[in-house]
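Here is a short set of notes to read alongside the model. Take the points in order, with the structure open beside you.

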Amino acid sequence: MSTDSMFVHKMWVDDELSKMITAKKVPFPMLSDGGGNVGKMYGIYDEASGVDVRGRFLIDPDGNVQAYEVLTPPVGRNVNETLRQIQAFQLVRESKGTKATPSGWRPGKPVLSPGPGLVGKVWEVWTVDKAFD
């Protein structure tokens, strides 16, 4: 979603995105927030320039913001990190909070079982090197 109009979005798809992907259809929804109303609700609308800064919000099915990231315009977002976080939040939600994901967790890696028994023992199930592979 951006403050750009649907016409600007179309131009971006035709002149930029179409050269980046082989798909005939845009692989994600493109929404226009022309008045910046949604950006204002989430605190990312810049009144001086009349645009939203780059923001990413992960909102659960109950409408609660679980994560957000706000970047200045010159810095792009990391789609793989967004997908990893969505998978982590889904795992935690499905476990009803009985599982937690450590730093750098990816699907298939060990998860943590939060509780008093884990205090001071995370190192036994999760080492720093697992966060970087």
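**Notes for a first look**

1. Let us begin with contacts. Of the contacts in the chain with a separation of 6 or more, 26% are between residues 24 or more positions apart. Please keep in mind while reading that this is a predicted model.

2. Next, the overall layout. The chain holds 4 helices and 4 strands, and along the sequence they come in the order α-α-β-β-β-β-α-α. How does the radius of gyration of the chain stand against the globule rule? At 19 Å it is well over the 14 Å that the rule gives for 133 residues, so the chain is more spread out than a compact globule. Along the principal axes, the C-alpha atoms fill a box of roughly 55 × 35 × 25 Å. As for burial, 22% of the 133 residues are buried.

3. Now have a look at the hairpin. Strand S3 covers residues 54-59 and strand S4 covers residues 65-71; the two pair in the antiparallel sense over 6 bridges. One of the pairings to find on screen joins Gly 55 to Val 70, its bridge partner in S4. Between S3 and S4 there are 5 residues, and in this turn Gly 63 has a positive phi of about 90°.

4. Gly 55 also leads to the largest pocket, which has about 1600 Å³ of space. Which residues of the lining are closest to the centre of this pocket? They are Met 1, Gly 55, Arg 56, Phe 57 and Arg 77, out of 40 lining residues. The elements that give two or more residues to the lining are helix H1 (6-20), helix H2 (37-41), strand S2 (51-52), S3 and helix H3 (79-94). H3 gives the most, with 8 residues. By character, the lining divides into 22 nonpolar, 10 polar and 8 charged residues.

5. Thr 3 is a good residue to visit next, in the segment before H1. Is Thr 3 buried or exposed? Its relative accessibility is 14%, and Thr 3 therefore counts as buried, the cut-off being under 20%. Leaving aside residues up to four places away in sequence, Thr 3 touches Ser 32, Asp 33, Gly 34, Gly 36, Tyr 45, Gly 50, Val 51 and Asp 52.

6. Leu 31 sits in the loop between H1 and H2. With a relative accessible area of 43%, Leu 31 is partly exposed, because that value falls between the 20% and 50% cut-offs. Leu 31 and Met 1 are 30 residues apart along the chain, yet their C-alpha atoms are separated by 4.4 Å. Again not counting residues up to four places away in sequence, Leu 31 touches Met 1, Ser 2 and His 9. Met 1 is also among the residues closest to the centre of the largest pocket.

7. Thr 22 lies in the loop between H1 and H2. At 78% relative accessibility, Thr 22 counts as exposed, because the cut-off for that class is over 50%. Try drawing a line from Thr 22 to Leu 91: they are 69 residues apart along the chain, and 32 Å separates their C-alpha atoms.

8. Val 8 can be found in helix H1. Its relative accessibility is 35%, and Val 8 counts as partly exposed. From Val 8 to Ser 49 is 41 residues in sequence and 17 Å in space, C-alpha to C-alpha.

9. One last residue deserves a glance at its backbone. Most residues other than glycine have a negative phi. Lys 96, however, has a positive phi, near 55°. Where does Lys 96 lie? Its place is in the loop between H3 and helix H4 (122-125). Lys 96 is exposed, with a relative accessible area of 75%.

Definitions and conventions. Residues are numbered from 1 along each chain as its sequence is written. This is a predicted model: local features need pLDDT of at least 70, side-chain atom pairs count only at pLDDT 80 or more; totals for chains, interfaces and linings use all residues. Side-chain values use heavy atoms; hydrogens and water are left out. Two strands pair if DSSP finds at least two bridges between them. On a 1 Å grid over the protein atoms alone, a cavity is a set of points where a 1.4 Å probe fits but cannot get out, and a pocket is an open set with protein on both sides within 12 Å along at least five of seven lines; lining residues have an atom within 4 Å of a point. Grid points are joined across faces, edges and corners, and a volume is the space filled by probe spheres set on the points. Ala, Val, Leu, Ile, Met, Phe, Trp, Tyr, Cys and Pro count as nonpolar, Asp, Glu, Lys and Arg as charged, and the others, Gly among them, as polar. Buried means under 20% relative accessible area, exposed over 50%, partly exposed in between (1.4 Å probe, protein chains only). Contact means heavy atoms within 4.5 Å. The radius of gyration is taken over C-alpha atoms; the globule rule is 2.2 Å times the number of residues to the power 0.38.
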